[in-house]
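Good morning, and thank you for making time for this item. I should like to take us through the ligand site and then the internal cavities.

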Amino acid sequence: MNRLRLHTLAPHLGDEEDDTGVSRPLVAPIYQTSAFSFDDLETADQVQSGTKAGYIYSRMGNPTIARLEQALAQCEGAEDALVTASGMAAITASMLSLVRPGERILAGHELYGGTTGLLKLMGDFGIMVDYVDTSQMESVSSSLNEKTRLVLAETITNPRVAVADVARLASCAHAAGAYLMVDNTFATPYHCQPLAQGADLVVHSLTKFIGGHGDLTGGVCLGRSEIMDSIRSNATLLGAAPDPFAAWLTLRGMKTLALRMEKSSANALYLAERLRTHSAVEEVYYPGLTAHPTHDVARRTLNRGFGAMFSLRLKGGTRAAQALVERSRLVRFVPSLGDVATTLSYPLTTSHRGLSAHEQVQLGITGGLIRISTGIEDPRDLWDDLLGALDAED
Ligand SMILES: Cc1ncc(COP(=O)(O)O)c(C=O)c1O
């Protein structure tokens with residue numbers, strides 16, 4: 001069969017392949033078990049040593065989790081995938097596998113606050129970390145040195161949604177002998193497949209758009225088998241495995257990934273264009289707007305639109321942000337993103353609260369900044385809700 005397009009592939013992800021008799025289940029069953037039993041010592045030994053296929057203990061591997069790993073690898077065009085209990089667990093396992101004490105990570109200066117916190121922790125274990133604006137390629141090139149083992153960027157940054165030039169970043173990193181790891185959480189494989197653009201490793205928080213329904217926590221690392229083997233064995237030791245039920249829910253959510261992203265991105269563009277001209281709004285950050293500093297990069301890096309995340313800066317600062325949160329009825333304040341329902345977040349006191357005041361100001365994370373994750377509603381109702389909340393403030 002020809003390679004299927006994502007809209008066709010997604011509803012079939014995780015389809016049951018095993019013949020269980022005269023019929024097959026429509027939906028893959030959950031193996032909600034912590035361990036597996038054996039009839040003899042020899043078989044258990046063969047499975048443990050890898051000479052026979054099978055499962056031993058769910059922290060080391062589980063059929064439901066494996067099915068999700070295959071589905072994610074298909075979507076991202078990866079040789080191998082490892083699913084973890086959260087996005088942070090995926091990032092931790094990747095960093096600890098790729099970088100040794102004395103080596104250096106060159107990280108984007110605008111990352112999810114939890115990732116920045118983790119990088120600070122890495123410093124305590126002798127891993128050097130420096131930050132660079134990954135949209136400035138000259139700065140990236142001049143910041144790389146022989147100790148740099150890993151370059152870390154987000155496809156679309158959090159919260160000002162700058163798009164990384166993944167192909168150019170990969171060339172720069174490789175020229176310096178470093179790996180490029182991309183957090184593709186905001187873009188999802190619907191908009192971007194960083195491995196095809198040269199990245200060595202992709203990570204996601206599955207908690208967001210891939211799960212899509214706000215009912216699970218998960219993460220994934222994806223890449224070449226040669227890299228993934230060490231990440232998998234380290235993640236097993238770290239205890240990063242997800243619960244099989246969360247893996248099953250993720251598979252279910254993924255069946256509508258393409259449909260959800262198509263609608264959510266269209267809604268983001270609809271709202272961003274309208275909010276841009278509202279008198280209470282100082283600036284809207286959305287890569288789909290021609291005025292966005294990375295609009296041209298976004299056209300090269302992203303497919304099928306510009307994503308479902310945008311931010312806006314309110315002229316009235318903290319007071320205006322508070323009024324918007326209190327007055328919007330449909331768009332609820334939720335310190336997360338990527339759900340079927342549109343939500344808003346307040347980076348200053350949620351995702352980026354761990355940064356110093358200086359770091360927050362440098363990234364433009366101030367009192368008036370609101371981040372919006374668009375869902376799949378009718379955008380006219382979303383606009384009415386936001387307009388009602390903003391106009392009440394005028
Ligand atoms: C871009 C990005 N990466 C990683 C994470 C961490 O994911 P999790 O909360 O699933 O650990 C988040 C969480 O918000 C995120 O926004």
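Before we begin, a word on classes: Ala, Val, Leu, Ile, Met, Phe, Trp, Tyr, Cys and Pro are counted as nonpolar, Asp, Glu, Lys and Arg as charged, and the others, Gly among them, as polar. Please also keep in mind that this is a predicted model.

I turn to the cavities. There are two cavities of 30 Å³ or more. The largest holds about 60 Å³ of space, and its lining consists of Leu-13, Gly-14, Val-27, Ala-28, Trp-248, Leu-251, Arg-252 and Lys-255. By class, that lining has five nonpolar, one polar and two charged residues.

The second largest cavity contains about 30 Å³. Its lining includes Leu-68, Leu-206, Leu-216 and Pro-242. Helix α10 (244-254) and strand β1 (80-84) each supply at least two of the lining residues, and α10 gives the most, with three. Here the division is seven nonpolar, four polar and no charged.

Now to the ligand, which sits in the largest pocket. Which residues come nearest? Of the 15 around the ligand, they are Gly-87, Met-88, Asp-183, Ser-205 and Thr-207. Helix α4 (residues 87-98) provides the largest share of this shell, three residues. The shell comprises five nonpolar, seven polar and three charged residues.

As for polar contacts, the side chain of Asp-183 places an N or O atom 2.6 Å from a ligand nitrogen. Polar side-chain atoms of Ser-205 and Lys-208 lie 2.8 Å and 3.2 Å, respectively, from an oxygen atom of the ligand. On its own, the ligand has 390 Å² of accessible area, of which the protein covers 90%.

Terms used: Residues are numbered from 1 along each chain as its sequence is written. This is a predicted model: local features need pLDDT of at least 70, side-chain atom pairs count only at pLDDT 80 or more; totals for chains, interfaces and linings use all residues. Side-chain values use heavy atoms; hydrogens and water are left out. A residue is near a molecule or strand if one of its heavy atoms lies within 4 Å of it. A polar contact is a pair of N or O atoms within 3.5 Å; within protein, one must be able to donate a hydrogen and the other to accept it, and residues adjacent in sequence count only if both atoms are side-chain atoms. Accessible areas come from the Shrake-Rupley method with a 1.4 Å probe; for residues, only the protein chains shown count as cover. On a 1 Å grid over the protein atoms alone, a cavity is a set of points where a 1.4 Å probe fits but cannot get out, and a pocket is an open set with protein on both sides within 12 Å along at least five of seven lines; lining residues have an atom within 4 Å of a point. A molecule sits in a cavity or pocket if more than half of its atoms lie within 2 Å of its grid points. Helices (H or I, at least four residues) and strands (E, at least two) are DSSP runs, numbered from the N terminus. Grid points are joined across faces, edges and corners, and a volume is the space filled by probe spheres set on the points.
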